[in-house]
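Reader: I am new to this structure and should like to be guided through it by questions. May we begin?

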Amino acid sequence: MKLIDIIKNDRISLSFEVFPPKTETSFESVKEATEEIAKLRPSFMSVTYGAGGGTSKYTLDIAKNIKELYGVPTLAHLTCVSSTRETVRARIEDIKAAGIENVMALRGDIPAHLIDADRSNWDYKHAIDLIYELKTAYPELCIGGACYPEVHPESANQKDDIKHLKEKVDAGCDFLTTQMFFDNNLLYNFLYKIREAGITVPIVPGIMPITNANQVERSIKLSGSFMPQRFKSLVDKFGSDPDAMKQAGIAYATDQIIDLYANGVSHIHVYSMNKPDVARRIQQNLSDILGK
Ligand code: FAD
């Protein structure tokens with residue numbers, strides 16, 4: 001099933017993100033965790049792509065398993081920046097062979113040792129290059145792209161970022177999913193600006209439930225997201241008590257989601273990070289809203 005048919009629908013819905021195993025030895029435990037999440041029957045599940053593509057095979061294995069065993073539509077992530085054209089073409093053939101109909105097309109982070117490298121002869125410089133490739137090789141595919149309510153860290157300013165985002169959408173993105181954010185006003189402001197810039201595709205807000213104090217620093221470092229004082233107070237108060245922190249983090253994410261639904265967003269993606277209990281508790285908190 002193409003995700004755009006779920007996302008553009010006005011019906012309130014929720015989806016979850018999981019990540020593939022890094023090694024063969026952790027494959028079974030990750031597979032089990034993702035199956036537990038699939039049993040919740042989310043509207044879809046996305047499976048991330050290991051940075052640099054080293055674990056790419058597992059992305060498809062996990063996505064295919066969820067789809068075939070539980071009938072949950074899947075979105076396979078794919079990055080391009082560290083890859084050659086040959087490798088990307090082979091990945092696209094694998095995606096086709098696995099019967100995956102939805103791909104999140106990403107550039108990927110530039111590996112630290114290549115930040116200052118001359119990029120002029122790289123096969124892929126930006127996500128848009130991958131989108132063109134996907135459109136040519138697999139025209140029926142439903143394509144998602146990433147967007148950044150707080151501006152991508154490499155962009156000089158939001159105007160440039162939104163200009164490139166518009167080009168990316170025009171190249172063939174059916175929808176966009178946002179980077180995590182902890183203050184919904186940032187999203188509302190971003191939505192206003194991108195609509196004004198002529199970007200009309202559906203935007204799926206990505207919500208990350210922070211369930212332990214260590215995750216706070218990691219997540220901010222990774223995403224550059226702004227932490228509202230309300231959230232910092234919660235970490236100060238409950239951060240040293242793992243159960244209390246988890247409960248507070250799930251409640252905070254639930255609050256964000258309810259506010260988004262109340263303000264007209266119909267589909268939300270939860271960065272559930274292979275944690276079935278977190279996914280379950282969020283879904284339970286929303287059971288009447290979701291009609292589950
Ligand atoms: P791009 O769209 O290429 O943008 C990157 C930067 O380049 C931006 O500053 C943009 O403004 C600029 N830019 C874009 N086009 C041009 C142009 N034509 N000329 C000049 N500048 C341009 N990483 C993974 O490794 N695996 C994953 O599975 C994964 N999933 C993600 C899912 C989501 C929803 C998000 C938000 C991020 C995800 N990431 C993932 C991280 C992502 O790979 C990084 O944020 C990466 O740095 C940018 O990827 P992008 O596709 O947004 O890049």
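Reader: In which strand is Ser 13 found?

Author: The model under discussion is a predicted one. The strand that holds Ser 13 covers residues 13-18. Ser 13 is thus found in strand S1.

Reader: Is Ser 13 buried or exposed?

Author: A residue counts as buried under 20% relative accessible area. Ser 13 has a relative accessible area of 6%, so Ser 13 is buried.

Reader: How many Å apart in space are Ser 13 and Tyr 261?

Author: Leaving out residues up to four places away in sequence, Ser 13 touches several residues, among them Ile 6, Ser 43, Tyr 261 and Leu 290. Ser 13 and Tyr 261 are 248 residues apart in sequence. From C-alpha to C-alpha, their separation in space is 9.2 Å.

Reader: What span should helix H4 have, at 1.5 Å a residue?

Author: Helix H4 comprises 13 residues, 85-97. The expected span is 1.5 Å times one less than the number of residues. The end C-alpha atoms of H4 are 18 Å apart, which agrees with the expected span of 18 Å.

Reader: Why are the buried residues of H4 on the same side of the helix?

Author: The buried residues in H4 are Val 88, Ile 92 and Ile 95. They lie on the same side of H4 because they cover an arc of only 60 degrees around the axis. On the other side of H4, the exposed residues are Glu 86 and Ala 97. The arc that answers the question is thus 60 degrees.

Reader: Which helices and strands do the buried residues of H4 pack against?

Author: Two helices take part, H3 (56-70) and H5 (127-137). Two strands take part as well. These are S3 (74-79) and S4 (102-106).

Reader: Which residue just after H4 takes a positive phi?

Author: The phi in question is about 75 degrees. The residue that takes this value, just after H4, is Gly 99.

Reader: Is Arg 107 buried or exposed, and which residue's side chain does Arg 107 join in a polar contact of 2.7 Å?

Author: Arg 107 belongs to the loop between S4 and H5. Its relative accessibility is 11%, and Arg 107 therefore counts as buried. Beyond its neighbours within four places in sequence, Arg 107 is in contact with residues including Thr 79, Lys 125 and His 152. The polar contact of 2.7 Å joins the side chain of Arg 107 to that of Glu 154.

Reader: Which residues come nearest to the ligand?

Author: There are 23 residues around the ligand. Those that come nearest are Tyr 49, Asp 109, Tyr 148, Ser 155 and Asp 161.

Reader: How much of the ligand does the protein bury?

Author: A polar side-chain atom of His 77 lies 2.9 Å from an oxygen atom of the ligand, and a polar side-chain atom of Tyr 148 lies 2.7 Å from an oxygen atom of the ligand. Ala 127 contributes a backbone N or O atom, 2.9 Å from an oxygen atom of the ligand. Taken alone, the ligand exposes 980 Å². Of that area, the protein buries 84%.

Reader: Which helix gives the most to the shell around the ligand?

Author: At least two residues of the shell come from each of S3, helix H6 (158-172) and strand S6 (175-178). The element that gives the most supplies four residues. That element is H6.

Reader: What covers the buried residues of H6?

Author: The buried residues of H6 include Asp 161, Ile 162, Leu 165 and Val 169. At the start of H6, a side-chain oxygen of Asn 157 reaches to within 3.1 Å of the backbone nitrogen of Lys 159. The cover over the buried residues includes H5, strand S5 (142-147), S6 and helix H7 (184-196).

Reader: Where is Met 273, and what is its phi?

Author: Most residues other than glycine have a negative phi. Met 273 is placed in the loop between strand S9 (267-270) and helix H11 (276-285). Although Met 273 is not a glycine, its phi is positive, at about 50 degrees.

Reader: Is Asn 274 buried or exposed?

Author: Asn 274 is also found in the loop between S9 and H11. Its phi is positive, near 60 degrees, in a residue other than glycine. Because its relative accessibility is 12%, Asn 274 counts as buried.

Key: Residues are numbered from 1 along each chain as its sequence is written. This is a predicted model: local features need pLDDT of at least 70, side-chain atom pairs count only at pLDDT 80 or more; totals for chains, interfaces and linings use all residues. Side-chain values use heavy atoms; hydrogens and water are left out. Buried means under 20% relative accessible area, exposed over 50%, partly exposed in between (1.4 Å probe, protein chains only). The arc is that of the directions from the helix axis to the C-beta atoms. Contact means heavy atoms within 4.5 Å. A residue is near a molecule or strand if one of its heavy atoms lies within 4 Å of it. A polar contact is a pair of N or O atoms within 3.5 Å; within protein, one must be able to donate a hydrogen and the other to accept it, and residues adjacent in sequence count only if both atoms are side-chain atoms. Accessible areas come from the Shrake-Rupley method with a 1.4 Å probe; for residues, only the protein chains shown count as cover.
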